[in-house]
Amino acid sequence: MKNTKEVKERIIKATTELIEESGGKTESITSRKIAERADVALGLINYHFSNKDNLISICTKRMLSGIIMCFLPDEDGIEVHTNKEQVAQRAKKVLDYIFRYPSVSSISTLEDLGDYTMRSNSVAIQKGFSLAIDKKAMDEDTKRLLVFMLTSSIQAAFLASGVSKDVLGYDMNVKEERDACAQRMIEILFDGVGNGSL
């Protein structure tokens with residue numbers, strides 16, 4: 001008999017494949033489909049993961065851990081000179097990634113908002129943005145607030161994507177508008193609103 005870890009990884013791999021194939025529409029994935037894809041007995045899903053929803057949650061967190069790749073230095077030859085440019089570039093990549101997997105991103109975001117911990121994807125995103133800002137650019141407290149506000153704004157814009165044109169003035173489902181929205185968020189966070197006469 002195969003060891004427990006190997007069986008669990010096969011189940012996770014099969015579930016992840018089904019999530020990707022469904023375009024993130026996790027409601028269409030059944031325990032039976034997962035068991036068939038993983039070539040395991042149906043009961044092993046509940047045995048190892050308690051239930052299908054818990055298994056899908058584990059898989060979505062793993063999938064979204066790929067978002068950390070958005071914070072690696074660019075290999076596309078674009079030169080970035082300022083902290084603001086670096087954060088803007090990464091914000092656009094994060095938005096692209098979460099819109100590539102909308103159902104999965106929604107599950108992860110809502111889970112984080114319901115149980116915000118240091119191990120949540122939201123905190124990982126904040127840490128990634130922090131790495132894009134030079135230590136000399138601002139004090140640590142300011143940086144923490146800035147990356148928290150940026151991450152929260154990105155999540156809210158994503159969750160509001162169905163009405164974003166009316167609410168934000170940008171259609172978050174259109175890459176060019178999404179990029180423009182991200183750029184404007186960065187400008188406001190780094191430069192403020194107007195000339196301080198508010």
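Modeller: In this predicted model, a residue is called exposed when its relative accessible area is over 50%, buried when it is under 20%, and partly exposed in between.

Biologist: What makes Glu 21 an exposed residue?

Modeller: The relative accessible area of Glu 21 is 56%, and exposed means over 50%, so Glu 21 counts as exposed.

Biologist: Why is Arg 37 placed in the partly exposed class?

Modeller: Arg 37 has a relative accessibility of 36%, which is neither under 20% nor over 50%, and therefore Arg 37 counts as partly exposed.

Biologist: How do you know that the side chains of Glu 21 and Arg 37 meet in a salt bridge?

Modeller: The N to O distance between them is 2.8 Å, and a salt bridge asks for a side-chain nitrogen of Lys or Arg within 4 Å of a carboxyl oxygen of Asp or Glu, so the pair qualifies. The two partners sit in distant parts of the chain, Glu 21 in helix H1 (residues 4-21) and Arg 37 in helix H2 (residues 31-38), 16 residues apart.

Biologist: What makes Lys 84 and Asp 191 a salt bridge, and which parts of the chain does the pair tie together?

Modeller: Their side chains meet at 2.7 Å, N to O, which is within 4 Å, so the term applies. Lys 84 belongs to helix H5 (residues 83-100) and Asp 191 to helix H10 (residues 175-191), so this contact ties together parts that are 107 residues apart in sequence. Lys 84 itself is partly exposed, because its relative accessible area of 25% falls between 20% and 50%.

Biologist: Why is the contact of Arg 144 with Asp 141 called a salt bridge, and what separates the two residues in helix H8?

Modeller: The N to O distance is 3.6 Å, which is within 4 Å, so this pair also meets the definition. Arg 144 and Asp 141 are three residues apart in helix H8, which means that about one helical turn separates them. With a relative accessible area of 53%, Asp 141 is exposed, because that value is over 50%. Elsewhere, Lys 13, Glu 17, Glu 21 and Arg 37 are joined into one network by salt bridges that share partners, and the structure holds 12 salt bridges.

Biologist: Are Cys 59 and Cys 181 buried or exposed, and how many disulfides does the structure hold?

Modeller: Cys 59 has a relative accessible area of 0% and Cys 181 has 4%; buried means under 20%, so both residues are buried. The structure holds zero disulfides, which means that no pair of cysteine sulfur atoms lies within 2.5 Å.

Biologist: What makes the space of about 120 Å³ a cavity, and which residues lie nearest its centre?

Modeller: A cavity is a set of points where a 1.4 Å probe fits but cannot get out, whereas a pocket is an open set. The whole structure has one cavity of 30 Å³ or more. Fourteen residues line the largest cavity, with Ile 67, Ile 98, Thr 109, Ile 125 and Gln 155 nearest its centre, and the lining comprises six nonpolar, seven polar and one charged residue.

Biologist: Which residues are closest to the centre of the largest pocket, and which helix gives the most to its lining?

Modeller: The largest pocket holds about 260 Å³ of space. It is lined by 13 residues, and those closest to its centre are Gln 126, Lys 127, Ser 130, Glu 140 and Arg 144. H7 gives the most to this lining, with five residues.

Conventions: Residues numbered from 1 in each chain as written. Predicted model: local features only at pLDDT ≥ 70, side-chain atom pairs only at ≥ 80, totals over all residues. Heavy atoms only, no water. 1 Å grid on protein atoms, 1.4 Å probe; cavity = no way out; pocket = protein on both sides within 12 Å on 5 of 7 lines; lining within 4 Å. Points joined across faces, edges and corners; volume = space filled by probe spheres on them. Nonpolar A, V, L, I, M, F, W, Y, C, P; charged D, E, K, R; others polar. Helix = DSSP H or I, 4+ residues; strand = E, 2+ residues; numbered from the N terminus. Buried < 20%, exposed > 50% of the residue type's maximum accessible area, 1.4 Å probe, protein only.
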